[in-house]
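Thank you all for coming. I would like to walk slowly through one structure today, so please have the sequence and the picture open while I talk.

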Amino acid sequence: MRITKYTHACVRLEHEGRVLVIDPGTWSEPAALAGADAVLVTHEHADHIDVLRLAGLGVPVYAPAEADIPQVEVIGVSSGTEFTAGGFRVRAVGGRHAFIHAGQPDCANLGYVLDEAVYHPGDSLHVLDQPVETLLVPVHGSWMKTTEAIDFVNAIRPQRAFAIHDAQINDRGLSSVNGWLTEETDSGYRYLRPGDSV
């Protein structure tokens, strides 16, 4: 499976000619969606879904059933739902966005486990009840601290972890966060710049 990181939380997965894109938000590159067979959206915030791009894309878009996403016809899913999207086996997990302050914002947020191997949590730190090979770990946001990212990786214990949710952090901050995650986790943590693939 080929994983390509795009700006912020957007990730493109390719396997045997199939393409699945997760969280193509307003900050991600349009190229992420080229040839996509399906799209997964973790939640309704604009940094995770660009409704104008998805409105005319013409492929299935899966999102939390509770999400308020105007202009895009979505297939609503709930936590625990298992389905196939673009040829990938998907299990939806979690349920709510992480709190920022005083319980805000409170919207639906689903993480997605793909082919029982890759986990994209969206804007949450929901710990799975099973191991995964690859964790896409949020490294920055108004809703989290670096220690929470470290604890999340250590709780999941993946074979490898790659950063997502990083577009609001400058290079100095990113260097610090990457250093902490490399030193304090035993997960083969690696930072991928937008456009890098593994």
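When I say that two residues are in contact, I mean that heavy atoms of theirs lie within 4.5 Å. Please also keep in mind throughout that what you have in front of you is a predicted model.

With that meaning of contact in hand, let us begin with arginine 190, which is placed in the segment after helix 3. Which residues does arginine 190 contact, once we leave aside its neighbours within four places in sequence? They are Ala161, Phe162, Ala163 and Val198. For one of these, alanine 161, we can also give a separation along the backbone: the C-alpha atoms of arginine 190 and alanine 161 are 6.4 Å apart, although 29 residues separate the two along the chain. Arginine 190 counts as partly exposed, because its relative accessibility of 42% falls between the limits of 20% for buried and 50% for exposed.

Let us turn from there to lysine 5, which sits in strand 1, that is, residues 2–5. Is lysine 5 buried or exposed? It counts as buried, because its relative accessibility is 2%, and the cut-off for buried is under 20%. Setting aside residues up to four places away in sequence, lysine 5 touches Cys10, then Ala163, Ile164 and Asp166, and finally Leu192, Arg193, Pro194, Gly195 and Asp196. You may notice that Ala163 appears here and also among the contacts of arginine 190.

Now for a wider view. In UniProt, an unreviewed entry carries the annotation "domain: Metallo-beta-lactamase" for residues 7–165. In the model, the C-alpha atoms at the two ends of that span lie 8 Å apart, and the span is 10% helix and 33% strand.

Next come two helices that pack against each other. In general, such a pair is described by the angle between the axes and the distance between them. Here, helix 2, residues 146–156, and helix 3, residues 171–184, pack at an angle of about 35°, and their axes are 10 Å apart. The crossing of helix 2 and helix 3 is right-handed. On the side of helix 2, the contact is made by Thr146, Ala149, Ile150, Val153 and Asn154, while helix 3 contributes Val177, Trp180, Leu181 and Glu184. Sorted by class, this contact has six nonpolar residues, two polar ones and one charged one.

From helices we move to strand 5, where I would like to spend a little more time. Valine 61 is in strand 5, and it is buried, because its relative accessible area is 2%. Beyond residues up to four places away in sequence, valine 61 touches Val39, Val41 and Leu54, as well as Val72, Glu73, Val74 and Ile75. Proline 64 lies in strand 5 too, and at 3% relative accessibility it also counts as buried. With the same sequence neighbours left out, proline 64 touches Val41, Thr42, His43, Gly76, Val77, Ala108, Leu110 and Tyr112. So that you have a distance for comparison, the C-alpha atoms of proline 64 and glutamate 133, 69 residues apart along the chain, are separated by 24 Å.Strand 5 also takes part in an aromatic pair, and the count of aromatic pairs comes to two. How are the rings of tyrosine 62 and phenylalanine 83 arranged? Their centres are 4.7 Å apart and their planes are at 25°, so the pair is stacked, given that planes under 30 degrees apart count as stacked. Tyrosine 62 lies in strand 5, residues 61–64, and phenylalanine 83 in strand 7, residues 82–85, so the pair ties together parts that are 21 residues apart in sequence. Both rings belong to buried residues, with tyrosine 62 at 10% relative accessibility and phenylalanine 83 at 14%.

Finally, there are two residues whose backbone angles deserve a look. Aspartate 23, in the loop between strand 3 and strand 4, has a positive phi of about 55° although it is not a glycine, and it is buried, with a relative accessible area of 0%. Glutamine 71, in the loop between strand 5 and strand 6, is not a glycine either, and has a positive phi of about 75°, but glutamine 71 is exposed, with a relative accessible area of 57%.

Key. Residues numbered from 1 in each chain as written. Predicted model: local features only at pLDDT ≥ 70, side-chain atom pairs only at ≥ 80, totals over all residues. Heavy atoms only, no water. UniProt positions renumbered as here; feature names shortened; annotations may be inferred. Helix = DSSP H or I, 4+ residues; strand = E, 2+ residues; numbered from the N terminus. Axes fitted to C-alpha atoms, helices over the stretch in contact; angles between N-to-C directions. Left-handed = near helix turned anticlockwise from the far one by under 90°. Nonpolar A, V, L, I, M, F, W, Y, C, P; charged D, E, K, R; others polar. Buried < 20%, exposed > 50% of the residue type's maximum accessible area, 1.4 Å probe, protein only. Phe/Tyr/Trp six-rings, centres within 6.5 Å; stacked < 30°, edge-to-face > 60°.
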